[in-house]
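Colleague: Got a minute to walk me through this one? I'd like to start with burial and then get to the charged pairs.

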Amino acid sequence: MTVYQLHSHPEQSGKKGSLQDFVESLKSISPQMVLGLGTLWALVQSIMCTSPDLFFLGEQGTETGILAPEHFFFFIALTIGFVFVSLFFGIAGEKAATLVWDVRFLALTSATVFLGLLVLFLAKTFLIAPLFYVGAILCSSGVAAIVLLWGDFYAHHELTAITVNALLGIILGFIIHEFVSLTQQQGIVDALYCLLAIYQFFPLYNASKKIRIPKVKLKKALKEGSLGVNKNNERETHGAALDNPTEQDFVLDVPTKSTLKVKRKTFAIAIGVPSFLFGFALGPLSVMALSTIGVGVSIANQMVLAIIACVIVTIITMAAYFFRERELDTFYRSFIPVIALSMLLVPYLFAIYPHAAISLIFVSYLAFELTLWIEFSEISNRYRISTLLTFGFGRGFLSIGMQFGIIVALLLGQGNLIGQNDFAVFSFMIVALFFGYLFFPRERAIRHMAVLENTRHIYAGSESDAEKKVGRFFQACNQIADRHLLSRRETEVFFLLAKGRNASFIADKLFISMGTVHTHSWRIYRKLNVHSQQELMNLVSPPSPGAARKTDDK
């Protein structure tokens, strides 16, 4: 067995990125992820932020300077649908992991959004007010489920893939919405969004093929060889069945899909409170960015400013690749206080140069959405916390904050988000951003929430000795990964290192580069406080006293 050992730990992790690294990251662009998130974001923007403008009976609320009761109830209906679905899956957690990627559930989510849009269209055509609230609940419920699905899919990728695809997806959704807003035919707009709702099923179905984990019992897997390879002939006999398998005949290649257990209520509060505060700021900011806010700037000029804003956000994101990888999380989180500071300038820029003010709003909105998507995905990825927990509670409380933020902003602005009381609107947005940033959970908070189990299920009863040993191996790996907060990818690499695999095999098995293997391995060594692969293997399977005495005698 070849023992893999790193020789230059600090240099591997300490190397700064470059433009070449950004070019390399372009290889992680997935059209499926970009188009899926882009079309989803166009739906979210239309339904959650500008629905009164797109679907409602009139503009009486903004004309009189008073928030009309109909608009208020419409916002409440949107919130009910989004929050119910998000919090339901947040509470269910991993128990619902199999359900959400079922093909029937995928079809149901797309059909729900489509049906909601159809109900809104009928309500507008025949002027039936109650149907608006029914349509709002249906649309927001379906969209909430789709957000959870894409969040789960993104969280199973590296930070680089999350960042690049989320950037392009959010920009694509923003551009789609802006182009649709130029269309004067409301019937065409409704038809386009209905098509987007139907389209969501197809990329989600393709994603389900990659993320779905087959339910195979360990005993059956060992006999069929589906979990391992014969150590004497790894590549040729992959999956070959053995008549009498033993633990030594198999080296398991892929770890079980394990998630870090956390104190559910504590985690819900820890991520829910800052998400609610972020929503208070994001709601008004979304409406400003996605609605025609006038101030002497034509829609065509706003479209040009939107494209310029997309370019600026892309350049800012490229700058992240000149930071050390361990600094990326801090880099993205720094967007939030920068956005808060930029909000101070918006009221003054509107009086002097409206074009600059609108550009700043566009940039702030895109950067804010990108940051939140990256942070939710990274919490799930880095700490192996259930994506349904993170996105369920996070996006659920975020949507509550968004709708209440819009209502409060409209009341403060007397029906307009940019008006004589605009300083009050931006002031409460800045305060919400500040406290949201202050309370957003860091690693220390996650560590205190973790539920570390001393024992896990060990195979017993009729299982063979080989199966019991495999069960103990899984148990030990999972316990160490939980205790040291290993990420999803680090857990996979750690699992293979613990079985004595070398860097070349790990790179081939996980479809990653040798450099990435070195980087992950160095992080694992640092977190586990070991200096060689043999030390790591001893943590998982400590040598027996007899073996240790033989080694000493030699």
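Modeller: Sure. One cut-off up front: a residue is called buried when its relative accessible area is under 20%. Also keep in mind that this is a predicted model.

Colleague: Okay, so how many residues of helix H23 are buried?

Modeller: Ten of the eleven, counting over residues 488–498, so H23 is largely enclosed by the rest of the structure.

Colleague: Which ones are they?

Modeller: The buried set includes charged residues, among them Arg488, Arg489 and Glu490. Val493, Phe494, Phe495, Leu496, Leu497 and Ala498 are on the list as well.

Colleague: And what happens just after H23?

Modeller: Gly500 comes there, with a positive phi of about 85°.

Colleague: Back to Glu490, which side chain does it meet in a salt bridge?

Modeller: That of Lys527, with 2.8 Å from N to O. This pair links distant parts of the chain, since Lys527 is in helix H25 (residues 514–528) and Glu490 in H23, 37 residues apart.

Colleague: Are those two buried or exposed?

Modeller: Glu490 is buried at 3% relative accessible area, while Lys527 is partly exposed at 25%.

Colleague: What about Arg489, what is it linked to?

Modeller: Arg489 belongs to a salt-bridge network with Glu158 and Glu492.

Colleague: How many salt bridges does the structure hold?

Modeller: Nine. Another one of them pairs Glu378 with Arg382, with the closest N and O atoms 3.5 Å apart. Those two are four residues apart in helix H18 (residues 354–383), so about one helical turn separates them. Glu378 is buried at 9%, and Arg382 is partly exposed at 22%.

Colleague: Which residue does Arg104 pair with?

Modeller: Asp102, at 3.0 Å between the closest N and O atoms. Arg104 counts as exposed, with 68% relative accessibility, and Asp102 is partly exposed at 25%.

Colleague: Switching topic: how many disulfides does the search find?

Modeller: Zero, across the whole structure. Take Cys194: the nearest cysteine sulfur belongs to Cys139 and is 8.3 Å away. A disulfide needs the two sulfur atoms within 2.5 Å, so that pair doesn't qualify. Cys194 is buried at 13% relative accessible area, and Cys310 is buried too, at 6%.

Colleague: Last one, where is Thr79, and what is it in contact with?

Modeller: Thr79 is in helix H6 (residues 69–92) and is buried, at 9% relative accessible area. Leaving aside neighbours within four places in sequence, Thr79 is in contact with Phe84, Ile400 and Gln403.

Key. Residues are numbered from 1 along each chain as its sequence is written. This is a predicted model: local features need pLDDT of at least 70, side-chain atom pairs count only at pLDDT 80 or more; totals for chains, interfaces and linings use all residues. Side-chain values use heavy atoms; hydrogens and water are left out. Buried means under 20% relative accessible area, exposed over 50%, partly exposed in between (1.4 Å probe, protein chains only). Contact means heavy atoms within 4.5 Å. A salt bridge is a side-chain nitrogen of Lys or Arg within 4 Å of a carboxyl oxygen of Asp or Glu.
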